Structures are given as C-alpha cells and as structure tokens.
Amino acid sequence: MSLNHIRPWRNIYRRKSRQIMVGNVPVGGDAPITVQTMTNTLTTDVAATVAQVQAAAEAGADIVRVSVPDEASSKALKEIVAESPVPIVADIHFHYKRGIEAAEAGAACLRINPGNIGSETRVREVIAAARDHGCSMRIGVNAGSLEKHLLDKYGEPCPDAMVESGLEHIRILQDNDFHEFKISVKASDVFMAAAAYQQLAEATDAPIHLGITEAGGLTSGTIKSAIGLGNLLWMGIGDTIRVSLSADPVEEIKVGYEILKSLGLRHRGVNIISCPSCARQGFDVIKTVEALEQRLEHIKTPMSLSIIGCVVNGPGEALMTDVGFTGGGAGNGMVYLAGKQSHRMDNDQMVEHIVEQVEKRAAEIEAETAAQDAAE
C-alpha cells in the first residue's frame, strides 16, 4: 500500500514476505492480497463444481480451492481445471496419493494438512509431484488436527503447537529444496488463530494464508472473520485470505473484499457508505441500500457511493464520494457528483437515477485508467 503522508494513521506496513505463484496469480511480496473461497459441491459433479467456480470468479475470487477426497475426484479435477477461469487449489487430506494425482491433473497448488497427510516419506512424494508439475503448495495447519506428538507435548491445541507444526513441515519442504509454498495456522478460536499468526509471521518469510476456520454462519462467521482477519491485516500480516462461512462461496468472496476495502488494502466494486437511518430520514434508506447493492453488483470498478438519509452528515459524506444522495424534504433529495452538489432528484426515481450515475462514473474511471496506462 502506498504511504499516506497527509493521514499517516491510515498507513498499513505489510510484512515482507517472499513471493510465490499460484498458477498465474502472484501471492506474497508486493502483490495484492488475494481472495479465495472453496467449492462445496461434490467434486465428481463436474458441471456443478465448475458453475460454482465460475460464480466465485465472477464475484472476484482470485483463487478457488476444491476438495479431492478420492480417486474419482482426482479424475474430475482435470476437467474442472480445464474449465476454470482462475487457478485451482487441490485440498488434500489423509491420502498422499490424492496430492500426486491432483498435481498430475493440473492443480495450481496443493493444500496439505501436516496433521493427517502421513509420514515424512509420503510428504516427500507429494513434494516431488508438485515440483514435477509446477505446483506450489500450502502447508495448512489446523488447531483441530494437530500431530499427536505436539498434543502430547503441549497438552492441548495452542499457538505454540500450531507454529511448531508449521515450521516442522517448512523444514521438510526446504530440505527437499522446495520453496514455492505458503502457510496457514487456522483455528476457530479468534484469539488462538491471531496469536499463532503473529508468532508465525516472525518465524518465516513464507507468504501467509489467513483464515479463521469454521467461523460459522453468514452473520456470526463474518463478524469473527472481520475481527480476526481484520486485526491481522491491520498489523500487515497476510498475503491471501479465505473467509470460512457456512454459506454460499460467493458470500465468502464478498465478505473478504469488504474486509480488505475497509482497510484500504484492496478495492473492487462500489463501496456504499450509508447511514443506519432514523426519524430524520427523507427516504427509506434501508430499502434503498438493499436495492442498490443488488443493482450495482455488476460494477467492478473501484468507486464510492454515499446514501445518507438527511442533511446532518449527508453533505459531508458526499464530499468524499464519487456519487452521493442526501435526503431532503418534499419527497426529493440532493445528488452529488465528484463531491459537489449537482441537482435534485425525486425519491421515487432515485434508485434508477443513481444506478445511471454510478455506471456513468465507472465508465469515466475506466477510460481515465486506460488513458493513463497508455501514456505510461
């Protein structure tokens, strides 16, 4: 992120990590923080899985993970990879042969869980397959499946045990001269995960994959993830994220982007700034925002829109947004463009009108960006 000298309290100094490639997507270094999700269809149902991958990609997913629990899934993975618009990570548990098969099927990355993949010899075979087929790897440590010797040593899952597990497997990869890896130390407990990630960030320069695992449903999981991931990202920790929700994978992508947008780490689509509404509102703010969120989902250009119910904060918020609408009286409100008052608009026409203004401004931003790129 570029430094903000006028508002230094907005600066986030990202941890320095080395960069790896997941397919054609860079992870770590100075690359943008990537957003991931995972399919929840049967991998053997190729059509359903591809449809879910494509929907996630349309929502902004940079990388999608697919579970490979059996040999039939390995065979299906080859078809899924061929039709995917984004790199596919193969999720491997319990059987090392699935990792070898996934590499042969064209997966961009293999995610292995050190606690259940098997012996060091088997891990070495997976490493060899990854190297032979140009795959990167993710060491995925999970508090719920730590190795027995670490549980015996520490008595229970804890940050020290998670980090020790991760570092043991980093050594295996490095001893085999394999360095194209990232690592995660996930837990459903926000405190445990945050402590483990902070400790891990000091112990390695590998790219870090952030996640609060098994976070819960859409509302509770979003809150837990925003607290856990948000604080770590604010510290500068994290190169790629996955928000784990018991919900549609598209929702995970939406939440992931909202977390990054709130910290100024990445921007995609329309950032709607809206008030919670009160008796002063000049129009139904809640229904209007709900309608605009749906109507503007197709906009991928980073831009801002303020929807404020009255003149207490409306004009001030509009000064800092691309498009704004502030409620007034007599059934109409003020439209702001580029932070300046532009014209009044009747409340019953405002949604359509705002959509038109946002689309127009998005086109202008894209044209300006294209012109700058051409000039460079």
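**Exercise 1.** Is Cys 310 buried or exposed?

*Solution.* Start with the cut-offs: buried means under 20% relative accessible area, exposed over 50%, and partly exposed in between, using a 1.4 Å probe and protein chains only. Cys 310 has a relative accessibility of 11%. Cys 310 therefore counts as buried.

A note before going on. The model is predicted: local features need pLDDT of at least 70, side-chain atom pairs count only at pLDDT 80 or more, and totals for chains, interfaces and linings use all residues. Residues are numbered from 1 along each chain as its sequence is written, and side-chain values use heavy atoms, with hydrogens and water left out.

**Exercise 2.** Find how many disulfides the structure contains, and explain why Cys 109 is not bonded to Cys 135.

*Solution.* A disulfide is a covalent bond between the sulfur atoms of two cysteines. The test used here is a pair of cysteine sulfur atoms within 2.5 Å. Searching the whole structure gives zero disulfides. Take Cys 109 next. Its closest cysteine sulfur belongs to Cys 135, 7.5 Å away, so the gap is too far for a bond. Cys 109 is also buried, at 0% relative accessibility. Cys 310 is likewise in no disulfide, and the nearest cysteine sulfur, in Cys 278, lies 5.5 Å from it.

**Exercise 3.** Describe how helix H7 packs against helix H8.

*Solution.* First, the elements. Helices (H or I, at least four residues) and strands (E, at least two) are DSSP runs, numbered from the N terminus. H7 covers residues 190-203 and H8 covers residues 218-234.

Second, the geometry. Axes are lines fitted to C-alpha atoms, for helices over the stretch in contact, and angles run from 0 to 180 degrees between N-to-C directions. The two axes are 10 Å apart, at an angle of about 20°. Angles under 35 degrees count as roughly parallel, over 145 as roughly antiparallel, 65 to 115 as roughly perpendicular, and the rest as oblique. H7 and H8 are therefore roughly parallel. The crossing of H7 over H8 is right-handed, meaning that the near helix is turned clockwise from the far one by less than a right angle; anticlockwise would be left-handed.

Third, the residues. Contact means heavy atoms within 4.5 Å. H7 supplies Val 190, Ala 194, Tyr 197 and Gln 198, while H8 supplies Lys 224, Ile 227, Gly 228 and Leu 232. By class, this contact has five nonpolar, two polar and one charged residue. Ala, Val, Leu, Ile, Met, Phe, Trp, Tyr, Cys and Pro count as nonpolar; Asp, Glu, Lys and Arg as charged; the others, Gly among them, as polar.

**Exercise 4.** Work through the pair H10 and H12 in the same steps.

*Solution.* H10 spans residues 285-295 and H12 spans residues 350-375. Their axes come within 10 Å and cross at roughly 40°. That makes H10 oblique to H12. H10 passes H12 in a right-handed crossing. On the H10 side, the contact uses Thr 288, Ala 291, Leu 292 and Arg 295; on the H12 side it uses Met 350, Val 351, Glu 352, Ile 354 and Val 355. These residues divide into six nonpolar, one polar and two charged.

**Exercise 5.** Do likewise for H3 and H4.

*Solution.* H3 holds residues 96-105 and H4 holds residues 120-132. The axes come within 8 Å, crossing at roughly 5°. H3 and H4 are therefore roughly parallel to each other. Tyr 96, Ile 100 and Ala 103 of H3 meet Arg 122, Glu 125, Val 126, Ala 129 and Ala 130 of H4. The classes are six nonpolar, no polar and two charged.

**Exercise 6.** Place Leu 263 and Thr 34 in the fold, and list what each touches beyond its neighbours within four places in sequence.

*Solution.* Leu 263 sits in the loop between helix H9 (249-262) and strand S11 (270-274). Leu 263 is buried, at 17%. Its contacts are Ile 12, Gly 230, Leu 233 and Trp 234.

Thr 34 belongs to strand S3, residues 34-38. At 2%, Thr 34 is buried. Its contacts include Val 25, Pro 26, Asp 62, Ile 63, Asp 239 and Arg 266.

**Exercise 7.** Examine the phi angles of Ala 330 and Ala 338.

*Solution.* Ala 330 is not a glycine, yet its phi is positive, about 60°. Ala 330 lies in the loop between strands S13 (323-327) and S14 (332-337). Ala 330 is exposed, at 79%. Ala 338 also has a positive phi, near 55°. Its loop runs between S14 and strand S15 (340-346). Ala 338 is exposed, at 64%.
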